[in-house]
Every structure is written in C-alpha cells, then in structure tokens.
Amino acid sequence: KSNGDSPLLQHIKTKIMMRGGPISLAEFMQDALTSPHGGFYMGRDVFGSAGDFTTSPEISQMFGEVLGAWGVYSWMQGGKPPRLLYVELGPGRGTLAADIMRATAGFKGFASALEIHLVEVSPALRAAQWASLRCTPAPAPSAPAHHTATAAQPSSSSSSSSTSQGKAGGGEQGVESGEGVCGWNGAKVLWHHTLDSVPRTAPLLCIAHEFFDALPVHQFVKDDKRGWLEKLVDVTPATDAESATTSQPPPGEQQGERSSGSGSATDPAIASSSSGLRLVLSPASTPAAALLVGRRLAGLGEEERKGCSAIEVSAHGMAAAEALALRVGTQGGCVLVVDYGRGGPHSH
C-alpha cells in the first residue's frame with residue numbers, strides 16, 4: 001500500500017500483485033468506471049455543467065420528445081402489444097427516460113403497456129433516475145400491479161424540474177428495493193445490474209444512448225516479429241519509476257516504447273506518473289488478441305487493414321450488441337443505438 005493512494009488505486013494495485021502480473025486495459029477501465037472502491041460513475045453525478053460532460057438529453061428536452069414519438073410509432077408498427085418493455089442501457093441521470101415518459105403519457109394505450117427497465121450499476125445514478133422519473137415506492141406484493149396512463153401526470157411541460165422532485169416518496173428505500181412507480185405515467189420501474197436480468201416475456205423498446213462508447217476496451221499494437229500484442233496495465237517497479245523518463249529506446253523501437261527486463265514494452269510517460277501504474281505490451285499474443293483482433297479487422301476495408309498498426313476493440317460492446325440482437329429476434333421489438341464519432345479508424 002502506497003501512502004496517498006486512493007482506495008480505487010489500492011484496489012487495482014493489489015489485484016495486479018495478487019495476479020502476479022499485469023491486467024488488461026479493459027479490466028482496468030471496468031474498475032476505474034464502476035468499482036465500488038471509487039469508480040468514476042459510482043458515487044457522484046458526473047453529468048451536466050457541474051459534472052464532467054453533458055449529453056443530448058441534458059441540453060434539450062426535445063431530444064427525448066422526438067425519441068418518444070419514435071417509440072409510439074414503433075409500438076404501433078409492432079401491432080400495439082399490450083405489454084412493452086422500455087429498456088435503457090446506462091440511463092445517466094434518467095433525463096432521457098423522463099422526457100420520453102412525460103411526452104408519451106397522453107398516448108394512453110402506449111403508456112399503459114409500458115414497463116420500465118433501467119440497466120444501471122451506480123447507486124448514485126439510480127437515485128438520480130428515481131428522482132427524474134418522479135418515482136414512488138412500488139405497492140406491496142399483495143396490491144394490484146396494474147397501472148393506467150392517467151395514474152400520475154404532472155402539469156409541468158418540462159422534465160428539467162423532475163430531478164429536484166421524486167425523492168420525497170420514499171426515494172432511498174425504493175431505489176434500494178430496485179422497484180418503483182413512475183410519476184409521469186404510472187408505469188412500473190425496475191433496475192438491473194445487467195441486461196441478463198431483464199425479462200424476456202414481452203417485446204423490447206430498447207435505447208442505448210452513448211452507452212457503447214463508454215464501455216471498456218482492449219487495445220492492441222502490431223509488432224512486425226511478434227504479431228498483435230495487447231496493451232496491459234502493470235505496477236511501476238521502484239527502479240523503473242526513476243529511470244523511465246531518461247531511458248532512450250533501443251534502435252528500431254518507436255520513441256515512447258522500450259523493452260523492459262521482463263520482455264515487455266512500456267510507455268515511459270505513464271510509467272513515470274504519480275499513480276504508480278504503467279502501460280506495458282504483452283511479450284506475445286494474448287487470448288484476447290486471438291479472439292478479438294481478427295473479428296475487428298474483418299469489419300475494415302482492405303486498405304484500412306493494410307495500414308492498421310494499432311486497434312481498439314470492446315469485447316463488452318460486442319457481447320451487448322449480440323445479446324440485444326438475439327433478444328429482438330426472440331422477443332420482438334426494436335433497439336435504438338445513439339453514439340457520436342467517426343465512421344472509421346482514426347489516423348494519427
């Protein structure tokens with residue numbers, strides 16, 4: 001244990017030392033984002049002007065209203081099923097879900113068919129979602145579980161005020177129980193840690209807004225002799241921490257990478273950081289490289305594959321996309337994925 005290390009950094013270093021070697025960048029990212037020891041999303045509100053970034057629903061309620069119209073249209077095109085699972089992956093503050101529920105509350109058939117399922121691991125964000133949806137505790141098991149679209153329709157036309165309300169109705173107990181009732185339309189609201197626990201008993205109306213681009217990734221670098229090597233996260237040995245910034249790479253190696261005594265390559269800039277962690281390259285191909293690189297390269301054009309010397313793959317994203325596709329194939333419904341960025345590889 002290093003003096004001054006946060007609980008999260010202590011956790012990551014202990015994991016590496018207990019394993020006897022480095023961990024994948026994807027595993028490091030998973031801990032950094034969602035570890036109960038202090039992950040980025042776990043203890044505070046990171047969205048909006050007071051947070052670290054903002055998203056489309058936080059800028060204008062029209063974004064959610066348009067998606068609400070799409071949801072009603074999709075439900076009608078699907079034959080107006082009497083039960084519809086609204087599933088949102090990584091709902092943030094719950095602003096998007098709240099705008100959709102508010103905007104569609106007047107469509108009685110659609111609103112009464114809805115059951116809201118939010119896939120969220122952060123206790124802090126679950127509490128924010130409870131407030132945004134103006135939830136109240138779910139009725140006791142013996143009480144009727146049916147709801148109507150007119151159960152609760154606040155008069156406000158904007159969801160921006162929803163985050164300042166909703167906790168009054170037993171918020172903490174409701175969030176901990178994982179179940180509540182939406183104040184915008186009376187729909188049942190349930191929380192899940194993973195998509196696996198979402199029911200498979202009705203069609204889906206699933207939205208993943210800026211979800212896939214926030215998932216952990218594996219990174220790989222192509223070596224002319226050893227093939228595709230994986231970037232890993234390791235602890236910085238005390239001797240290397242002092243010498244990394246002054247060492248020059250041997251002939252033939254790129255500036256910023258050098259061979260270490262263990263036969264891997266390190267990035268001195270990261271190795272000399274105050275965190276006590278460094279990036280290293282695996283000495284040979286890893287199981288992740290064997291499994292993921294070929295699949296990712298297959299999605300590139302021939303010219304892109306020829307010039308590709310580094311690649312990033314999200315195994316979590318691939319698994320989530322496949323799971324959603326299988327669910328739509330068996331349950332019916334639709335999935336809307338919204339992300340932003342280039343349509344191809346970045347060139348440096």
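Which strands does helix α7 lie across? Select residues 123-132 in this predicted model and take a look: α7 lies across β3, β4, β5 (179-181) and β6 (188-192). Against β6, the helix runs at about 170°.

**The sheet**

Next, colour the strands. You have an open sheet of 7 strands with mixed pairing, in the order β4-β5-β6-β3-β2-β7-β14. Its edges are β4 at 136-137 and β14 at 333-338, and each of these pairs on one side only.

Now zoom in on β2 (residues 84-89) and β3 (residues 114-119), which pair in the parallel sense over 6 bridges. Pick L89 in β2 and you'll find its bridge partner in β3, V119. Keep both selected; they come up again.

**Another helix**

Select 315-331 to bring up helix α13, which lies across β2, β7 (204-209) and β14. With β14 it makes an angle of about 155°.

**The pocket**

Turn on a pocket display and go to the second largest one, with about 920 Å³ of space. Its lining counts 38 residues, and the closest to the centre are L89, G90, V119, F211 and L215. So there's that bridged pair again, L89 and V119.

Which elements should you highlight around the pocket? Those that give two or more residues to the lining are α2 (25-34), α3 (56-59), β2, α5 (95-104) and α13. The largest share, 4 residues, comes from α13.

Last stop: colour the lining by class, and you get 19 nonpolar, 12 polar and 7 charged residues.

Definitions and conventions:
Residues are numbered from 1 along each chain as its sequence is written. This is a predicted model: local features need pLDDT of at least 70, side-chain atom pairs count only at pLDDT 80 or more; totals for chains, interfaces and linings use all residues. Side-chain values use heavy atoms; hydrogens and water are left out. Two strands pair if DSSP finds at least two bridges between them. Contact means heavy atoms within 4.5 Å. Axes are lines fitted to C-alpha atoms, for helices over the stretch in contact, and angles run from 0 to 180 degrees between N-to-C directions. On a 1 Å grid over the protein atoms alone, a cavity is a set of points where a 1.4 Å probe fits but cannot get out, and a pocket is an open set with protein on both sides within 12 Å along at least five of seven lines; lining residues have an atom within 4 Å of a point. Grid points are joined across faces, edges and corners, and a volume is the space filled by probe spheres set on the points. Ala, Val, Leu, Ile, Met, Phe, Trp, Tyr, Cys and Pro count as nonpolar, Asp, Glu, Lys and Arg as charged, and the others, Gly among them, as polar.
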